[in-house]
Amino acid sequence: MSKTRVGVYICHCGVNIKSTVDVTKLTEFASKLPHVSVAKDYIYLCSDPGQELIKNDINEFNLNRIVVAACSPRMHEPTFRKALRSAGINPYCLEIANIREHCSWVHEDIEKATKKAESILAATVAKASLLEPLEEKEVDVIPTALVLGGGIAGIQAALDIADTGFKVYLVEKDPSIGGHMMQLDKTFPTLDCSACILTPKMSDVGNHPNIELLTYSEITNVGGYVGNFKVTIKKKPRYIIEDKCNGCGNCISYCPIEMPDPFNLNLSKTKCLYIPFPQAVPACFVIDPDYCRYTLNRECKQCEPVCKELGAIDLKQKEQFIEVDVGTIIVATGFDTFDPTLKPELGYGLYPNVITGLEFERLSSASGPTTGDVMINGKKPKNVVFIHCVGSRDKTVGNEYCSRVCCMYTAKQAHLIKDKIPDAKVTVFYIDVRAFGKGFEEFYDRVKQEGIIYRRGNVAEVYKRGEKLVVKAEDTLLGQLVEVETDLVVLAVGMVPRADSNTVNNLLKLSQSSDKFLLEAHPKLRPVDTASDGIFLAGCCQGPKDIPDTVAQASAAASKACIPLSQGKVRTEAQVAQVNDLLCRGCGFCVEVCPYDAIELKPTVIAGETVDVASVNEVLCKGCGACVAACLSGAIQQKSFTDEQLLSMIASLGESYE
Amino acid sequence: MSEFEPNIVAFLCNWCSYAGADLTGTTRTHYPPTVKVIRVMCTGRVNPLFVLQALRQGADGVLISGCHPGECHYLKGNFLARRRFLLMKNLLEYIGINPSRIRMSWVSASEGKKFADVITEVTEDIKKLGPLKSFKREIL
Amino acid sequence: MSEEAERLAYILRDPLFPCIQCGKCTGSCPISVISPHFNIRKLLYEILNSEGEDIAQKKEMLWDCSTCTTCVVRCPKEVDPADLIISMRSVLVEDGQVPPKIRDVLKSISIRGNPWNIGQEKRSEWAEGLEIKSIADAEILYYVGCTVAFDPRLQKIAKALAKTLAKAGINFGTLGNDEVCCGNEIRRMGDIWSFDALKEMNIEMFKQFPIKQIITSSPHCYNTFKNEYTELGIEVKHYTQIIPDLIKKKKLSFSKKFEKTVTYHDPCFLGRQNQIFDEPRDILKSIPSLNFVEMDRTRERALCCEGGGGRMWIEAYETMERTATIRVKEALDCGAEILATACPFCLLTLEDAVKSGELEDKIQILDIVEIVSQVID
């Protein structure tokens, strides 16, 4: 290869770098470093003129290695790689010196920051001059997606991908799709009936030729990489054969066992042979094995003969494992509602007339246990108190975030009370009312107009006085303690990550943000991507949001997931491990440490003798470098992170302070 | 002479700690300018040789920081790193270098504040130990 | 005002900035119920909007707080209003601007080593006729505490606990007349300087003996030893923590019945501040024939009796009713004949409420260990 000629480009990033790092001094320092042919600084290197500057210099000075001292490589490495490619040199001959996030933004002293920037830059140049051009390989993408979770987010994402023309596996852990949205009565601020707007989409999913619906199923293993994921799905036995059940329901009356109805949040009973709700998709019954006398004790079996004609009941059904190959994955696993027993002062779990907002939805819904009459102990409440921010904005329970939906769903529920019980006195205790969305403030105005009292104060306690409950708070606008006697307390519980979210996160190797919701690749610019290529987020698994935001995000995730599917090819990791056959002693340490089974020992003829030599499957290798650190003879190296390259950085960083 | 400013080399994994350090910058949280970062894709890549060479060639301390246990982007790289790290500590003690000069931490991509805290702590620790003089390259 | 006090007053503001004025603190405050002028949220707001120098001087109601910490544990933004009160009191203490009764307590502490202005020679009066070892001959220290040692009513607690420990074969001893105040209340009255001195003195004294464990009869002593004597290095237990274990290991067995309906009042310094909720209930529930009932507000929701934070010595600035009176009513409402507790201060305030309400024939206040000592023969 020709002589190493490094070009160094130092970005001011407006004043972001320049105000703390002396860029002129840094440029002068860079120009004296070994192998450096040219060093320049520029106000915004990521801008078009900035990139042009680099491209022109590559041609003019015949540069073959580029160092950009700017922001984090996690920001603009792809940008500058493209610039290198278009200037005709290998995109991997680029190294970024992070002098913004790791230097100018975290230090104040200009002299010290400049000195640190110098040593970062020197080390980067040392590594850059040892970089080798790399080749990216392309592999075919399996033109299929998997959507995890069948709530409104998963439904929307699956439909969008399927309508684009790709096959979708929609995996839902419950017996029917629909999720939380199906449990809601009306939706704010338009007061649309939630089920009425959701069920057409659900039936679209059920009938779509491109969607394969896997309900009552969970993923148990995920392997592979973008374009070629291999996902194992466990289909739990529902003891009803899906293809045979026509949903007629003749069997129900024969089932002798009652259990709390999960769809109604245990507010009513259902048979343990049940359909979650009338519009369920698939319209197929299910038997709960925790209650069924046959699955528990091998007795009963009263349902089986009833379905003789169709033969849909199969009490011996076993769980099934299905393996599917998909190109991209969308995670839409949703949320749990906050458990208010963690706020003991509010009396949830102690007093039956303290309920959560979601329980209120079931009470208010025509499909709920009271067919839409809000009743407590068989009576219509005359006084109702709503309490905001239960489990949100609250460090005592570790949830610092605002759940974004509670202000408005409370306003809606307060309206529903007034609608159903016009003479009821409704009081809402709030800290702040956040009516930020389209039509929200108008709706809040309307609700207040209806005579609902908003009192500012974070409720301190709920306790009993005779038959009544007493809600005690400081009305902070009056500066006085108030006690409100009431028949019903509704807690505006917030959203929390799914209790079992760790299982899914670990399978997919997804990170969480500090609120424990799933972490997007960039909070502003890549809000539906994850750090793992080919895996996208939709809905409340990423953070609390309302239905319109969820649907928008789901469509965004779907279009993102379709990109690799439409392209048909993805580039594989270029910075993979590589073996020098002559140095390898065949010990197999690398094979042991590789997390992806990407290395195997293969008999190879070396100098006339057949010996075992490690061999890397470049498609499976993810480029972590664990094998390199394990190799005793230095035979295995990670491209762009070789021992030689990293040791040159270490030496440079050491010397800079001698 | 001004106060001793230690020279610390940090190996950060790309997915958690490097991203965490980026977040420290984004949120403008300040920490001492003592640490220079070498980015690796995974802490599992950190060869014990790197630590020895860093100390030998002028660093007063070494920090290795990766994803929290169980959250490694590459499944188990941070466990490999932790095992190697413990062995490294023994080795350093054996050759007469205070093992407190090397430190391992877990900093996730969302823990910008923690990264600044770790750097501040490491800097204070190494300041107390003073410059590393006994391990010049002629000894090896 | 001294410079030091000014500085103290000023630094109060920093930890208050996260406050969102939601009112959870005032709403939760037991004192606000009976003393409407005491509004901690408002105080916080005033401090946030003041220059901070002299605000403590204007607040007579500062001495109302019983430091129960309901506001602290419930604050959604982790602000510590109780700490603010203590800091403000310390400004007044340093400045000498304290109510006469508080001044007497602080004086008694510095002269006599206890807040009750009683000679230390009377400290082990309760033990007369009992064979109580000196800690020099034992391995577990029973730290009696000032109020239990000097108050004739509370001395029964000390006797009952000594009897129970002896019965269980525990090798315990006391410091006799050498015991000095733990300082929990003193610190909460704002005299952080006397507290530091007491702490140093106590740790010094404990170190002279090979003490394996300290057992206290008061949750207040327990709290400060456990949480504020950071250099102590000795395991500290409130007695309710050890008795369930003694029962389980059959070192204590109950030979008599206790045929009464009993409820339990959670002392703030045991429950709310140290999460000891189950152990006292476990003891009561294991007593033969005892019918245990709960009040409506229990555990984290329990109502403070107003006995802490110096309130044993001083009345609230302007008060309508005692919370202890409300508490006794709640106990009667749930059908209890005995209102049990595990704190000497709670016992005194609740008993006062019973007396002033002339309810002696309806309900009796007992410490748990008094019940225990009645059912072991």
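**Close-up views of a predicted model**

**View 1. Helix α6 of chain C and the glycine after it.** Let us start where the helix ends: Gly96(C) follows α6(C) and has a positive phi, near 75 degrees. The model shown here and in the other views is predicted. Helix α6 of chain C covers residues 81–95, and its end C-alpha atoms are 21 Å apart. That agrees with the span of 21 Å that 15 residues should give at 1.5 Å a residue. Is this helix enclosed or open to the outside? Eleven of its 15 residues are buried, so α6(C) is largely enclosed by the rest of the structure. Among the buried residues are Pro81(C) and Ala82(C), together with Leu84(C), Ile85(C) and Ile86(C). Further along, Met88(C), Arg89(C), Ser90(C), Val91(C), Leu92(C) and Val93(C) are buried too.

**View 2. Domains 1 and 2 of chain C.** Stepping back from the helix, chain C is divided into domain 1 (3–95), domain 2 (101–245) and domain 3 (250–375). Between domain 1 and domain 2 of chain C, the C-alpha centres lie 30 Å apart. Seven residues from domain 1 of chain C and seven residues from domain 2 of chain C make the contact. On the domain 1 side, the touching residues are four nonpolar, two polar and one charged.

**View 3. Helix α6 of chain A.** Here is a helix from another chain, running over residues 152–164 of chain A. Its 13 residues should span 18 Å at 1.5 Å a residue, and the end C-alpha atoms are indeed 18 Å apart. Since eleven of the 13 residues are buried, α6(A) is largely enclosed by the rest of the structure. Which residues of α6(A) are buried? They are Ile152(A), Ala153(A), Gly154(A), Ile155(A), Gln156(A), Ala157(A), Ala158(A), Leu159(A), Asp160(A), Ile161(A) and Ala162(A). Just after the helix comes Gly165(A), with a positive phi of about 115 degrees.

**View 4. A parallel open sheet in chain A.** Five strands of chain A, in the order β20-β27-β21-β22-β23, form an open sheet with parallel pairing. At its edges are β20 (354–356) and β23 (453–456) of chain A, each of which pairs on one side only. On average, neighbouring strands of this sheet are turned by 25 degrees against each other, direction ignored. Zooming in on one pair, β21 (residues 383–390) and β22 (residues 425–430) of chain A run parallel and are joined by five bridges. In one of these pairings, Asn383(A) has Lys425(A) of β22(A) as its bridge partner. Helix α11 (residues 406–420) of chain A lies across β21, β22 and β27 (488–493) of chain A. How is this helix turned relative to β21(A)? Helix α11 of chain A runs at about 175 degrees to β21(A).

**View 5. The domains of chain A.** The domain assignment of chain A gives domain 1 (6–134), domain 3 (238–317), domain 4 (336–496) and domain 5 (577–639), as well as a domain 2 made of 138–236 + 319–334 + 500–570. Taken over C-alpha atoms, the centres of domain 3 and domain 5 of chain A are separated by 55 Å.

**View 6. Where chain B meets chain A.** This contact takes 40 residues from chain B and 43 residues from chain A. On the chain B side, the elements giving two or more residues are α1 (17–26), β2 (35–40), α2 (48–56) and α3 (77–94) of chain B. Which element gives the largest share of that side? α1(B) does, with six residues. By type, the chain B residues that touch chain A divide into 19 nonpolar, 15 polar and six charged.

Definitions and conventions:
Residues numbered from 1 in each chain as written. Chains lettered and ligands numbered in written order. Predicted model: local features only at pLDDT ≥ 70, side-chain atom pairs only at ≥ 80, totals over all residues. Pairing = 2+ DSSP bridges. Helix = DSSP H or I, 4+ residues; strand = E, 2+ residues; numbered from the N terminus. Axes fitted to C-alpha atoms, helices over the stretch in contact; angles between N-to-C directions. Contact = placed C-beta atoms within 7 Å. Domains from an automatic or database assignment. Nonpolar A, V, L, I, M, F, W, Y, C, P; charged D, E, K, R; others polar. Expected span 1.5 Å × (residues − 1). Buried ≥ 20, exposed ≤ 12 C-beta atoms within 10 Å, placed from the backbone.
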